[in-house]
Amino acid sequence: MSARRVSVTECPGGPLLVRGADEIEGPDGTITATDRSVVALCRCGRSDRLPWCDASHRDRKRRSKNRRTEGDGEDRAPEAT
Amino acid sequence: MRLPEPCGPLSEGVVRALVAQPDGPHAVSETRAMGDVSDPLTDRDLQLALWTLYELHYRGFDGVPPEAEWDPLLIVSRAALERTFEHAVRQLVADSPPADELGHLGDRPSDRVTAALTRMTVGSGPSEVAKFLHRRATREEFCGYLGQRAVHHLRESDPYSFVLPRIGDAAKVALAELQYDEYGGGRPDRLHQELFARALRSLDMSTDLTSYVDEAEGATLASVNLLSLFALNRRLRGAAMGHLAAFEATSSLPCERILRGAQRLELPPEVGDYYEEHVVADAVHEQLAIRSICGALVDAEPDLADDVLFGATACLAVDGLAGEVLLDGWRSRRTPSRGRDVRAAG
């Protein structure tokens, strides 16, 4: 496991796929650990499960009522419609 | 596992063939012509007969010799049922509203396919079934839903594994990566089938698959059989992967709603755990399935592009049909004065 390669794949209109990550550090320093071999990181800030993507970018209705204020979405993904 | 209860001439013929002769050959008596089947997608007898024959390729039945899996006479019967089923699926897909005009999407066939898969699954939001479970379902209706879905979830992901040896290179690697996650990521207690079984046990519900098959609507069996049709026929490997992409890409949002429904009804945490797992896992899987699997598959085999899109459309259409049957059932039971009229799935 020590020589594991970490890679990041950009999904147009969607999350970042990250392979080989052990933990994700949020903007406020919060560490979220994972034991999944591949994870999807939210880029649009609409996820209810940050830092993970929960496919909220697909839900048209949620777009107008984004309640998020943590300033997590500086890197906005293109709107997927 | 025991054999299901037959519900008509086709399923009766199959079950009788399986139990009649311990050593085969297993001839299925032709007691009902395929031409008499008016709607194969909701015909419970046809779908149960097909499901029973497909199950021989998975875990099989108590008292049925394993050799039955490749009994030529049973394969002949299966092929006849499959032809009728596949024809109906292709008609349903042809009648489905076409995806938006896609215009110029890129130079490679894989660009066209990944864009089309994204387009056909985006913005669909949670299904009506998921909304009903979220806001309105009683505990009994919720458990009824779990019972219908058990036919799929207790075998979750298994059909797609048949496709692994049938595709190569990057698409194979990506499918293995997705399946590894479905199969618990190396941890038996996180096997998705087991998560669902644990949810059933937490509600004091059986984990015996046959008991759910005995109660399943024809359309529910059709949605499960569709996967086996695609996964067990190598010629339909592209459709199988398109089905996977559509399934995963339309899973996270409904699972979120169903999770909230389980919380509203204060169901045991094991029920929520299953759906919570799928909100996050399937957000990953949709990207893997659309891009890493279907995109790579079509790059390697451009001729499969149409099959991939056919499989995705078929998934949405057939699963949509199964959902409508469930919703109709809930509605008619809530307004008994109108009766349970037109359900063809009985």
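In the predicted model, a side-chain oxygen of B:Asp43 lies within 3.1 Å of the backbone nitrogen of B:Asp45, at the start of helix α2 of chain B. This helix covers residues 44–55. Its 12 residues span 16 Å from the first C-alpha to the last. That reach is close to the 16 Å expected at 1.5 Å a residue.

Helix α2(B) is mostly covered, with 12 of its 12 residues buried. The buried set includes charged and polar side chains as named residues: B:Arg44, B:Asp45, B:Gln47, B:Thr52 and B:Glu55 are among them. B:Leu46, B:Leu48, B:Leu50 and B:Leu53 are buried as well. So are B:Ala49, B:Trp51 and B:Tyr54. The cover over these residues includes five helices of chain B, namely α1 (9–20), α3, α6 (139–153), α10 (209–213) and α11 (218–232).

Helix α3 of chain B, one of the elements that cover α2(B), runs over residues 72–95 and holds B:Ala79. B:Ala79 has a relative accessible area of 25%. This residue is therefore partly exposed, as its value falls between the 20% and 50% limits. B:Leu229 is 150 residues away from B:Ala79 in sequence. In space, the two C-alpha atoms are 9.9 Å apart.

A second pair involves helix α8 of chain B. This helix spans residues 169–182 and contains B:Val173. The relative accessibility of B:Val173 is 57%. B:Val173 therefore counts as exposed, the cut-off being over 50%. Along the chain, B:Val173 and B:Ile293 are 120 residues apart. Their C-alpha atoms are separated by 8.2 Å.

Chain B as a whole has 15 helices and 0 strands. It comprises 346 residues, of which 60% count as buried. Contacts between residues at least 6 apart in sequence were also examined in chain B. Of these, 78% join residues at least 24 apart. The chain exposes about 14300 Å². Carbon and sulfur atoms supply 51% of that area.

Strands occur in chain A. Strand β5 of chain A covers residues 38–41 and is buried on both faces. A:Val38 and A:Ala40 lie on one side. A:Val39 and A:Leu41 lie on the other. Strand β2 of chain A, residues 16–19, runs antiparallel to β5(A). The two strands are joined by 4 bridges. In one of the pairings, A:Leu16 has A:Leu41 of β5(A) as its bridge partner. A:Leu41 thus appears both in this bridge and among the buried residues of β5(A).

Definitions and conventions: Residues numbered from 1 in each chain as written. Chains lettered and ligands numbered in written order. Predicted model: local features only at pLDDT ≥ 70, side-chain atom pairs only at ≥ 80, totals over all residues. Heavy atoms only, no water. Buried < 20%, exposed > 50% of the residue type's maximum accessible area, 1.4 Å probe, protein only. Pairing = 2+ DSSP bridges. Expected span 1.5 Å × (residues − 1). Contact = heavy atoms within 4.5 Å. Polar contact = N/O pair within 3.5 Å; in protein donor to acceptor, adjacent residues only side chain to side chain. Areas by Shrake-Rupley, 256 points an atom, 1.4 Å probe, with all protein chains shown as cover.
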